Amino acid sequence: MMRMIQPQVIKDAKLFINGEYRDSISGESFDTFDPSTNQKLASVARASEEDARVAIDVAQQTFRSGVWSGMPVAERTKILCRMSDLVLERVDELALVETLDVGKPIKESLGFDIPRAAANLRFFAEMANYVNHEHYDQSKYMSYSKYSPAGVTSLIIPWNLPFMQMTWKASAALAAGNTVVVKPASYTPLSAVMLGEIANEAGLPPGVMNIITGPGDTVGAEMTRHPSVRRISFVGDSTTGRTVMKNAASQLIPVSLELGGKSANIVFEDADMDEAIAGSIEAIFKNQGEICLAGSRLLVQESIYDLFLEKFLAAVEKINVGNPLDEDTDMGALVSKGHLETVDQYVQIGLSEGAKLAAGGKRITNLGPGNYYEPTVLYDADNKMRVAQEEIFGPVLVVVPFKTEEDAIRIANDSIYGLAGVVWTNDLRRAHRVAAMVHSGLLWINCWYYRDLRTPFGGSKASGIGREGGKHSFEFYTEAKTVTMKL
């Protein structure tokens, strides 16, 4: 029986700097909206470049003080693990805010986003105790390495998975001993700002984590060009990523960029069809398709193309689009009116290019004034079409037929992006051949979206630069120093 999660009063959001919530220097604010109703959720403090400089200066002074960077790793671990526990204690509240702010189904916020955020904090906190420091002996000399915290770290977070992405970045940077300044997306700032309360309750020293909200072209720009910043981790679209990289270059700040994707989801004729259909449905319609890892290009071998498409469309019809607070909802609302219009424009472009419409293709109006869009399938597409080349970031799947394994690999790699890929096959040799040949930072075989936090995460080509996860996060958020001593 369907159960409705009841919303609570959502608090207005302020800047979190030096362990305190405060208004912006200008006193200005902006509104954030519930995508399922387009009604105002809360007022949010609008930071300026001056606020960003204040937050960065606080983070720099705190870093230099050694209150966190000089704290024994075991003590840092205790505080971050306490933060993880507090996230789980507040899972219902955080999940509700996440769903109201993003428009995603409550079952995803409760079942994945917030628990994964807690796991992020605990994983990197504990791993900090086991980061290896090398030493090498020669006949008259000994050399050893030290990995010291880099310093002030700017973290710029996207709107699709705000709380999970924030903890994914911040937990590693903090575990390494850095201080951080975080800017969540203006569409979805509410859950990220709440992490300040949790940090204070857990005993994180003031100034170690600072959270500011405001426009990317002002606040974000300052965070990526300020001379006190020593690391930048950005998640977002590839165009903005290029701007971040240009800004960082002016101060020679190392960057980690996770950018756009147009991942190929390849189904071979020997795949388990039911398994491939279920996985492919999730790979494009989870979180309304607003996931950089989405399998948004479905490549299906011609010998099973018609049968697969028939069964796939039957599964699409069963997707329950509805109020994100209903526990039975599979797909909620898109993040904003503007994004809804962009997604619809892409569908029209695809039809004008010659793709055929098999399902969806229009806004849902019988659910009220929210930003609801039908799960959409465009088929018989050519990989050269814009809808097959450009990231739509919505519930729109483009289906492309292929003949041979070589054909599938060629189509998969015919993209400016290289973030992820999926292969469905029961041929073990084929699975590994294709995995080796597809140009992507991640590739799943007979599954999608599973992440082991120990493994490297990131993309190639226009999908980004650098890798985070496990030891790769600690390598990025630290400075390596070699010390050599004559014996």
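Which residues does UniProt list for "domain: Aldehyde dehydrogenase"? The unreviewed entry gives residues 24-483. The model described here is predicted. Over residues 24-483, the chain is 40% helix and 20% strand. The C-alpha atoms at the two ends of this stretch are 44 Å apart.

The protein chain as a whole contains 15 helices and 22 strands. Its C-alpha trace spans about 70 × 65 × 45 Å along the principal axes. The radius of gyration is 23 Å. A compact globule of 487 residues would have a value near 23 Å, so the chain agrees with that expectation. Of the 487 residues, 59% count as buried. Contacts often link distant parts of the sequence: among those between residues at least 6 apart, 74% join residues at least 24 apart.

The surface was examined next. The protein chain exposes about 19,600 Å². Carbon and sulfur atoms supply 51% of that area. Charged side chains number 48 positive and 60 negative. The centres of the two sets lie 7 Å apart.

One annotated position lies within strand β11. UniProt, in an unreviewed entry, places the feature "active site" at Glu-258. Strand β11 covers residues 255-258, and Glu-258 is part of this strand. Is Glu-258 buried or exposed? Its relative accessible area is 3%, under the 20% cut-off, and Glu-258 is therefore buried. Several residues touch Glu-258, leaving aside those up to four places away in sequence. Gln-165, Phe-234, Val-235 and Gly-236 are among them. Cys-292, Phe-457 and Ser-463 also touch Glu-258.

A second position, Gln-251, lies in the loop between α8 and β11. Helix α8 covers residues 238-249. Gln-251 has a relative accessibility of 31%. That value falls between the 20% and 50% cut-offs, so Gln-251 counts as partly exposed. Which residues does Gln-251 touch, not counting those up to four places away in sequence? They are Arg-225, His-226, Pro-227 and Arg-230. Asn-287 offers another reference point for Gln-251. These two residues are 36 residues apart in sequence. In space, their C-alpha atoms are 36 Å apart.

Taken together, the two positions contrast in accessibility: Glu-258 is buried, whereas Gln-251 is partly exposed. Glu-258 sits in strand β11, and Gln-251 sits in the loop between α8 and that strand.

How values were computed
Residues numbered from 1 in each chain as written. Predicted model: local features only at pLDDT ≥ 70, side-chain atom pairs only at ≥ 80, totals over all residues. Heavy atoms only, no water. Helix = DSSP H or I, 4+ residues; strand = E, 2+ residues; numbered from the N terminus. Rg over C-alpha atoms; globule rule 2.2 N^0.38 Å. Buried < 20%, exposed > 50% of the residue type's maximum accessible area, 1.4 Å probe, protein only. Contact = heavy atoms within 4.5 Å. Areas by Shrake-Rupley, 256 points an atom, 1.4 Å probe, with all protein chains shown as cover. Lys, Arg positive; Asp, Glu negative; His and termini not counted. Charge placed at Lys NZ, Arg CZ, Asp CG, Glu CD. UniProt positions renumbered as here; feature names shortened; annotations may be inferred.
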